[in-house]
Amino acid sequence: MQLVTLTAPDGHRERWDMKTTYLALLSWYSYLNDTDNAKEPTELATRISEFVGDDIKQVHTFLVYLDGFNGDLYSKLSLLTNNDDKNTTRLYFIMKSLNNPNYLAHNKRKSENVKRLLNALNKSQITMLKCLNALSL
């Protein structure tokens, strides 16, 4: 049985089994996703909320992370990459970005800025070359 160590902001730690943790996170995520129409959260969901907080994005991230362990994703990725941590991480992010144009959108903005900067540098370089040619004639 695999265990997950949960650490609360106050430093309190508990070890839960993987399935219980996943079900508690799923229940807590469902509650946070629709607080207006949801029933009261289960006791397990309330207990895990002490460890993960009430930020729905963070809870979803924990769910995705645990889901990777449930499906043995990380072991399969390490086999594909010859147990090289750097390559495993790279492959994981490549897989997450497939068919997801908004994945890491902040990097796209940066790359667009870099492209604009390079275009501006190329234009100024061409202008300088034209000036030099004109002066040499």
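The following exchange concerns how helices H1 and H2 pack in a predicted model.

Biologist: On what basis are the features of this model counted?

Modeller: Residues are numbered from 1 along each chain as its sequence is written, and side-chain values use heavy atoms, with hydrogens and water left out. In this predicted model, totals for chains, interfaces and linings use all residues, side-chain atom pairs count only at pLDDT 80 or more, and local features need pLDDT of at least 70.

Biologist: At what angle do the axes of helix H1 and helix H2 cross?

Modeller: Helices are DSSP runs of H or I with at least four residues, and strands are runs of E with at least two, numbered from the N terminus. The axes, lines fitted to C-alpha atoms over the stretch in contact, with angles from 0 to 180 degrees between N-to-C directions, come within 8 Å for H1 (residues 18-33) and H2 (residues 43-52). Their crossing angle is roughly 90°.

Biologist: Which residues of H2 are buried?

Modeller: Buried means under 20% relative accessible area, with a 1.4 Å probe and protein chains only. The buried residues of H2 pack against strand E1 (3-7), strand E2 (13-17), H1 and helix H3 (56-70). They are Ala45, Ile48, Ser49, Phe51 and Val52.

Biologist: Which residues does threonine 21 contact, leaving aside its neighbours within four places in sequence?

Modeller: Threonine 21 is found in helix H1 and counts as buried because its relative accessibility is 1%. With contact taken as heavy atoms within 4.5 Å, the residues are Val4, Leu6, Trp16, Ile48 and Leu66.

Key. Buried means under 20% relative accessible area, exposed over 50%, partly exposed in between (1.4 Å probe, protein chains only).
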